[in-house]
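Reader: I'm new to this one, so could you walk me through it a step at a time?

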Amino acid sequence: MFVDKVKILVKSGKGGDGHVSFRREKYVPNGGPDGGDGGRGGHIIFEVDPGMNTLINFRHKRHYKAQEGADGAKKKCHGKDGLDLTIKVPQGTIIREAESGKVIADLHKADDKQVIFRGGHGGRGNQHFATPTRQAPKYAEKGRAAKEYWVILELKMIADVGLVGYPNVGKSTLLSMVSNAQPKIANYHFTTLSPNLGVVSNQYGKQFVMADIPGLIEGAAEGVGLGHDFLRHVERTKVLVHVVDTAGSEGRDPVEDIYAIQKELNEYNPTILETKPQIIAANKMDIEGATENLEALKKTFEPQGIKVIAITAAANDNLQALLEDISELLATVPDEDIIFEPEFEEMPKIDHEAFTINNEVEGYFLVEGVGVEKMIGYTSLDTEKGFAFFQRYLRERGIIEALEEAGIAEGDTVRIYDLEFEYYK
């Protein structure tokens, strides 16, 4: 089964907590704090696997989690770093953040390997908080939190040439005649249910990759038919070849067919037609009525700079001329990969010291801010020393003064995220 779009949950490893301990050994005076640091959490890494060509492996496993860092230990022992989690994907996979749809990474090279989400840093042990006036700190930092996101993996096939057109116009037949591909061919709509790739060699020995994009129909950009699922593969191609039933054997007008496909491509992504050279392969020239329609195609599209080549794919008629014209068009396109630039920013830059106080909440004064939230996360508040350290932080940052200006009185309740305490001066 060909699968080219999946949604998965990835989570990096949480950092290990710092340790609180003191060196106590016989004949060793003034041992002091010796709590070790927590280990780093594991990273989430995506790597291209050249042997993969579909995302089917992700259909049955949706949750991926890196290992957490181990906590620090006594005698300044550092916690073990969590193991990184490497996720293998096919070449051409784009990773998007699910909620915003923004691109996180584009793994377009055969050897691409990127760290997508880093594990949390380990917390510092109490050895780091000793000062001349605070020689026995009984608190340590907690490890940084893991990063957890739903992401969408999109596979956009990498090909030089994309064959587009209505179902049953001969795209698969053309690909089978000019390349080593062996797609399923039958005389009914939607025979091709997934894109097929083939390597084409022209008479000059030059090679390029051709992709047969499953049949598009009117409304494909809005999700009608199969085309909606495969329009994304057109974005990676450098040249578009419109394959059309010149004879109109199914009662359609070939000129209107080209306009309809162009409309769907433009509605899906306007830059496709703006940036990709186009050529028309007027197929099925051996059927009655094709000659008159060929003239109409040339009269309509050649003034627009789109060349029309008459072929009969099933009889291998004039295919070499088509390949030569495709090669000439490819030579005009810059020889560089089509890359989707990263757009996703994990966290905007903000003032970590900023805070707000809301005294309109019934029953307590609410304090919020990134700085105080981080301090709660890094400080062990279940010890007297740790809580005293946190109180000192509130005073040094001006939060206590701001509470007093807001009208707080002794005995009033202060709430800072999950922490609640009564205020006494």
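**Strands, a cavity and some rings**

Author: Let's begin with one pairing; keep in mind that this is a predicted model. Phe365 has Val414 in strand 17 as its bridge partner. Strand 16 (residues 365-368) and strand 17 (residues 413-416) are joined by two bridges, and they run parallel.

Reader: Which strands stand at the edges of the open sheet 15-16-17-18?

Author: The sheet is open, has four strands in the order 15-16-17-18, and its pairing is mixed. An edge strand has a single partner strand, so one side of it is left without a neighbour in the sheet. That description fits strand 15 (356-358) and strand 18 (419-422).

Reader: How many degrees does the twist average from one strand to the next?

Author: Sticking with that sheet, we go from strand to strand and take the average. The twist comes to 20 degrees.

Reader: Over to strand 11: do strand 10 and strand 11 pair in the parallel or the antiparallel sense?

Author: Strand 11 (residues 207-212) also has strand 9 (residues 161-164) joined to it by three bridges, and those two run parallel. In that pairing, Leu163 stands opposite Asp212. With strand 10 (residues 196-201), Ser201 has Gln207 as its bridge partner. Six bridges join strand 10 to strand 11, and the sense is antiparallel.

Reader: What about holes inside: which strand and which helix each supply at least two residues of the lining of the largest cavity?

Author: The largest cavity has a volume of about 40 Å³. Its lining includes His242, Val243 and Val244, as well as Asp257, Ile258 and Ile261. By class, seven of the lining residues are nonpolar, two polar and one charged. The elements you asked for are strand 12 (239-245) and helix 3 (254-268).

Reader: Is the aromatic pair of Phe117 and Tyr149 stacked or edge-to-face?

Author: The ring centres are 4.7 Å apart, with 15 degrees between the planes. Planes under 30 degrees apart count as stacked, so that cut-off settles the matter. The pair of Phe117 and Tyr149 is stacked.

Reader: And why is the pair of Tyr149 and Phe344 called edge-to-face?

Author: Here the centres of Tyr149 and Phe344 are 5.5 Å apart. The cut-off for edge-to-face is over 60 degrees. The planes of this pair stand at 85 degrees, so the pair is edge-to-face.

Reader: Which residues form one aromatic cluster?

Author: Tyr149 takes part in a pair with Phe117 and in another with Phe344. Phe117 and Tyr149 are both buried, and Phe344 counts as buried at 19% relative accessibility. The cluster is made of Phe117, Tyr149 and Phe344.

Technical notes:
Residues are numbered from 1 along each chain as its sequence is written. This is a predicted model: local features need pLDDT of at least 70, side-chain atom pairs count only at pLDDT 80 or more; totals for chains, interfaces and linings use all residues. Side-chain values use heavy atoms; hydrogens and water are left out. Two strands pair if DSSP finds at least two bridges between them. Axes are lines fitted to C-alpha atoms, for helices over the stretch in contact, and angles run from 0 to 180 degrees between N-to-C directions. On a 1 Å grid over the protein atoms alone, a cavity is a set of points where a 1.4 Å probe fits but cannot get out, and a pocket is an open set with protein on both sides within 12 Å along at least five of seven lines; lining residues have an atom within 4 Å of a point. Grid points are joined across faces, edges and corners, and a volume is the space filled by probe spheres set on the points. Ala, Val, Leu, Ile, Met, Phe, Trp, Tyr, Cys and Pro count as nonpolar, Asp, Glu, Lys and Arg as charged, and the others, Gly among them, as polar. Rings of Phe, Tyr and Trp (its six-membered ring) pair if their centres lie within 6.5 Å; planes under 30 degrees apart count as stacked, over 60 as edge-to-face and the rest as tilted. Buried means under 20% relative accessible area, exposed over 50%, partly exposed in between (1.4 Å probe, protein chains only).
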